[in-house]
Amino acid sequence: MIKVVSVTKHFGEVSAVEEVSFEVEEGEFVFIMGPSGAGKTTLLKLLLREYLPEKGQIFFDKVDVTQLKDKEIPSFRQKIGVVFQDYKLLSERTVRENVEVPLAVIKVPQAEWEARVDTILNLVGLSKKAEMFPSQLSGGELQRVSLARALIVNPKLVMADEPTGNLDWDTAESIVELFEKINKEGKTVIMATHNHAIVDKLKNRVIELKDGKILKGKPKESKDVHPS
Amino acid sequence: MYIHLKTAFDYIKRTPFQALAATFVLSITFFVVSMLSVLVYSSGQLLRHFETRPQVIAFLKDEATPEQISALQTRLGDDSRVKNVNYITKEQALSIYKEATIDNPLLSELVSPSIFPASIEFSLEDLSFAETVIDETKKEAIVDSVGFTANLGSENTLGDVVTRLRQLTLYVRVGGGALALILAGTSFLVLVVIIGMRMTTRRGEVEILDLIGATPGFIRSPIIIEAALYALIGVFIGWLTTLILVLYATPSLVSYFGEIPILPKDAGGILGMFGIMLAAEIFVGLALALLGSMLAVSRVRAR
């Protein structure tokens, strides 16, 4: 589903990602691990075509996203659900409205919105808080809204950048369980985290980064291509 | 569309004073534009009135025979520079005189048709032909003298009248056009500034929408709708104020200008004129809103 080939990204003199290569199969749950500054977020931004690499290729369903034209980027991003550490919710919109936004973006008829939003809010356990504003929710609830927004368009791939970074252990665990649940329903999940406890709990494949380079990939898939 | 409209209304509700400022400036602009449009129309009507009314009167000698009069009438009628040729007999001249002096019967009782000369009145296709045509008419054997009716007071010659009217019309059109352009430019800048501020405060929101795959059109839509709302409200207030003022002033204007139709005589005509004006102003307003918001959005996104 995703194939990253020798991708390199620098910010000035700093090497954020260096010769990184790996593959992610459809339906996999992959952790990208590493300390702060290891290049996890940069890698996700490269996958989302927020950044363009100086070198290398990134394939999503066999399409090289580094070659996408500007006008093709929105439709590419519509296929991916993204969850952010800082939630990135619209503060002036209710939970329901935040989750509705992607439906408006992909032009789903408005008549379908309510049922779809209700289903997703039920999945993330926020049915009773649909009319509340982000400022009235806890960190865990905000992350659930963020996840609901990512899932509402039924994406094939969900990417999460430190989704538990701002949460206590119990809340983080419940969020990760949600990711596990949606992965079991067939969605591919790529999660960047530095939380070893979570990684150890789920025992999924790990791509470990340090200083922009891959340190190790779990042998189970053995498809990670290490830089030479 | 619903979500964009809702977002646009939310922006307006969040910053009511910015919204008021934009609407106020646009209302003033379109009020001035509407007033100038009425002024341009009226000055055009005034000029047309003087250009098309019977401007030249050739007073005929008493000894002129009907054949000679008819021949002169035909000759003038065939002249491409001349139009609306009309023969006024002595009796008709007397009746015109009596009508003009109806408030003072003594004056009309003292006169008889014999003292009024018969005349041929005619208009000119363009007042620039006046002097040549008058000179030619003066040379006709049966013509005693030639006069012209256009006179605004201090002018001595027809050329003066025409020059003054044309200057006035030019001043109204050029001055008014310049004023309208300055105001439209100011409105445009106010829109750009307000929408630019809106975009800056929305930077986080734009980033989120961008990341979840919103197209530039989707991101821009609420901004464009907001600007269009300001423009439409501004156009309507400016236009309505002008309409009310014109309807209020019409009786006084009609009585002051008398037979000169500086405004349409009936309510239907006035509403028709204002309908066309409203359509044109909506077009201009929406164009300003669209251009202003596009410019503001592109400037903020480029930063």
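User: Two strands pair if DSSP finds at least two bridges between them. In this predicted model, over how many bridges do β3(A) and strand β9 of chain A pair?

Analyst: The model is predicted. Strand β9 of chain A covers residues 205-210. One bridge joins V30(A) of β3(A) to R205(A) in β9(A). β3(A) and β9(A) pair in the parallel sense, and the number of bridges is four.

User: Over how many bridges does β3(A) pair with strand β8 of chain A?

Analyst: Strand β8 of chain A spans residues 188-193. V30(A) has I190(A) as its bridge partner in β8(A). The sense of the β3(A) and β8(A) pairing is parallel, and the bridges number five.

User: Which residues point the other way from F29(A), F31(A) and M33(A) in β3(A)?

Analyst: In a regular strand the side chains alternate between the two faces of the sheet. β3(A) runs over residues 29-33, and five of its five residues are buried. F29(A), F31(A) and M33(A) point one way; pointing the other way are V30(A) and I32(A).

User: Which residue in the turn between β1(A) and β2(A) has a positive phi?

Analyst: β1(A), residues 2-11, and β2(A), residues 14-24, pair in the antiparallel sense over seven bridges. One bridge sets K3(A) against E23(A) in β2(A). The two strands form a hairpin with two residues between them, and the turn residue with a positive phi, of about 65 degrees, is G12(A).

User: Is E19(A) buried or partly exposed?

Analyst: E19(A) forms a salt bridge with K55(A), N to O at 2.0 Å. That pair links distant parts of the chain, strand β2 and strand β4 of chain A, 36 residues apart. Buried would need under 20% relative accessible area. E19(A) has 23%, so E19(A) is partly exposed.

User: How many residues apart in sequence are the parts that K201(A) and E177(A) tie together?

Analyst: The closest N and O atoms of the K201(A) and E177(A) salt bridge are 3.8 Å apart. K201(A) lies in helix α7 and E177(A) in helix α6 of chain A, so the pair ties together parts whose separation is 24 residues.

User: How many helices and strands does the secondary structure of chain B come to?

Analyst: The elements of chain B begin α-α-β from the N terminus. They end in a run of α-α-α-α. The secondary structure of chain B comes to ten helices and four strands.

User: Does R81(B) count as buried or exposed?

Analyst: R81(B) meets E136(B) in a salt bridge, N to O at 2.7 Å. R81(B) sits in the loop between α3 and β2 of chain B, and E136(B) in helix α6, so the pair ties together parts 55 residues apart. The cut-off for buried is under 20% relative accessible area. R81(B) is at 19%, so R81(B) counts as buried.

User: How far apart in space are A296(B) and I223(B), C-alpha to C-alpha?

Analyst: A296(B) is part of helix α10 of chain B, residues 267-302. A296(B) is buried, at 1% relative accessibility. The residues A296(B) touches include V192(B) and I195(B). A296(B) and I223(B) are 73 residues apart in sequence, while their C-alpha separation in space is 9.4 Å.

User: Which three residues supply 39% of the area that chain B buries against chain A?

Analyst: The contact takes 18 residues from chain B and 20 residues from chain A. The buried area is about 1,700 Å², with 65% from carbon and sulfur atoms. The three residues that give 39% of chain B's part, more than any other three, are I208(B), L211(B) and I212(B).

User: How many residues of the side of chain B that touches chain A are charged?

Analyst: The interface holds six residue pairs in polar contact, both at pLDDT 80 or more. The elements giving two or more residues to chain B's side are α1, α8 and α9 of chain B. That side has nine nonpolar and three polar residues, and the charged ones number six.

User: How many salt bridges does the rule find across the interface of chain B and chain A?

Analyst: Over all chains, the structure holds 22 salt bridges. E207(B) and K88(A) form a salt bridge, N to O at 3.4 Å. Across the interface of chain B and chain A, the number of salt bridges is four.

Terms used: Residues numbered from 1 in each chain as written. Chains lettered and ligands numbered in written order. Predicted model: local features only at pLDDT ≥ 70, side-chain atom pairs only at ≥ 80, totals over all residues. Heavy atoms only, no water. Contact = heavy atoms within 4.5 Å. Buried area = accessible area lost by both parts, 1.4 Å probe. Salt bridge = Lys/Arg side-chain N within 4 Å of Asp/Glu carboxyl O. Polar contact = N/O pair within 3.5 Å; in protein donor to acceptor, adjacent residues only side chain to side chain. Nonpolar A, V, L, I, M, F, W, Y, C, P; charged D, E, K, R; others polar. Buried < 20%, exposed > 50% of the residue type's maximum accessible area, 1.4 Å probe, protein only. Lists of a residue's contacts leave out its neighbours within four places in sequence.
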